[in-house]
Amino acid sequence: MLCEMCGKEVPMTSRVRLEHSVLALCPDCAKFGTPLDPVPSPTPAESGGRSTFRPGVVAGRATGTRRRLEERDLYQEIGEMELAPDWTKRIRVAREALQWTPEVLGQKLNEKKSLVLKIESGNFRPPDALVRKIEHILKVRLRAEPEPSAGQS
Ligand SMILES: [Zn+2]
């Protein structure tokens, strides 16, 4: 077999990851890259218990007996506003345009800096009242309806 790096004829090459490609290399060249593990290491199952936050989506609530409560819960806990897919980004962009730190925005909102960071990272969906407050203070739209087209020319 030929080493794909130095071209040397060797009895056995090993597959090595080098700069985003996988090459068959002789033992001498193999040490320049990362050896590929022939046995794929089992990845820990990460489905289930993770609470990945998705705006506007209530995950795993509506089971059998709870179905009748679902609608009410939605209004009470999540809020009825549908936020734009990139609402967290809109907050951050607007905040940075004002050159406010998360701390400053927190002060304006009467909230903690940590809450601002949670909101911007999508880990916390603010209640509707807070959504309105953020929209007002940052002068930004967070809701899903399309922007009124200005029609500038
Ligand atoms: Zn080689």
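## A salt bridge between distant parts of the chain

In this predicted model, a salt bridge joins the side chains of Asp28 and Lys8, with a distance of 3.0 Å from N to O. The pair connects distant parts of the chain: Asp28 belongs to helix H1 (residues 27-30), while Lys8 lies in the segment before S1, 20 residues apart. Asp28 is partly exposed, with a relative accessible area of 43%. Lys8 is partly exposed as well, at 37%.

## Other salt bridges

The count of salt bridges comes to 6. One of them pairs Glu96 with Arg92, whose closest N and O atoms are 3.7 Å apart. Both residues are found in helix H3, 4 residues apart, which is about one turn of the helix. An α-helix has 3.6 residues a turn, so residues three or four places apart point the same way. Glu96 is partly exposed, with a relative accessible area of 43%, and Arg92 is partly exposed with 33%.

Another salt bridge is formed by Asp128 and Arg125, with 2.9 Å between the closest N and O atoms. Asp128 and Arg125 are both buried.

## The zinc site

The zinc ion has as its protein donors the SG atoms of Cys3, Cys6, Cys26 and Cys29, which lie 2.2 to 2.3 Å from the ion. Along the sequence, these donor residues follow the spacing C-x2-C-x19-C-x2-C. The arrangement is tetrahedral because the 4 donor atoms subtend angles of 106 to 117° around the zinc ion. For comparison, the ideal angle for four tetrahedral donors at a metal is 109.5 degrees. Of the donor residues, Cys26 and Cys29 are buried.

Thr13 touches two of these donor residues, Cys3 and Cys26; its contacts beyond four places in sequence also include Met1, Leu2, Ala24 and Leu25. Thr13 is located in the segment before strand S1 (14-18). Thr13 counts as buried because its relative accessibility is 11%, which is under the cut-off of 20%.

## One face of helix H5

Which residues of helix H5 (residues 113-120) are buried? They are Leu115, Val116, Ile119 and Glu120. Viewed down the axis of H5, these buried residues fall within an arc of 135°, so they line one face of the helix.

The buried residues of H5 pack against three helices, namely H3 (87-97), H4 (102-109) and H6 (128-138). After H5 comes Gly122, which has a positive phi, near 80°.

## Two nonpolar cores

In soluble globular proteins, nonpolar side chains tend to be buried together. The largest nonpolar core of this model contains 18 residues, and those with the most contacts inside it are Ile91, Leu105, Leu109, Ile119, Ile134, Leu138 and Leu142. Helices H3, H4, H5 and H6 each contribute at least two residues to this core. The greatest contribution comes from H6, which gives 5 residues.

Ile134 illustrates how residues from separate parts of the sequence come into contact: apart from its neighbours within four places in sequence, Ile134 contacts Ile91, Leu109, Ile119, Pro126, Lys139, Val140 and Leu142. A second, separate core has 7 residues, among them Cys3, Val16, Cys29 and Ala30. Cys3 and Cys29 of this second core are also donors of the zinc ion.

Key: Residues numbered from 1 in each chain as written. Predicted model: local features only at pLDDT ≥ 70, side-chain atom pairs only at ≥ 80, totals over all residues. Heavy atoms only, no water. Buried < 20%, exposed > 50% of the residue type's maximum accessible area, 1.4 Å probe, protein only. Arc of directions from axis to C-beta. Contact = heavy atoms within 4.5 Å. Donors = N, O, S within 2.8 Å, 3.2 Å for Na, K, Ca; no water. Tetrahedral: all angles 85-135°; square planar, octahedral: opposite > 155°, others 65-115°. Salt bridge = Lys/Arg side-chain N within 4 Å of Asp/Glu carboxyl O. Core = buried A, V, L, I, M, F, W, Y, C linked by side-chain atoms within 4.5 Å.
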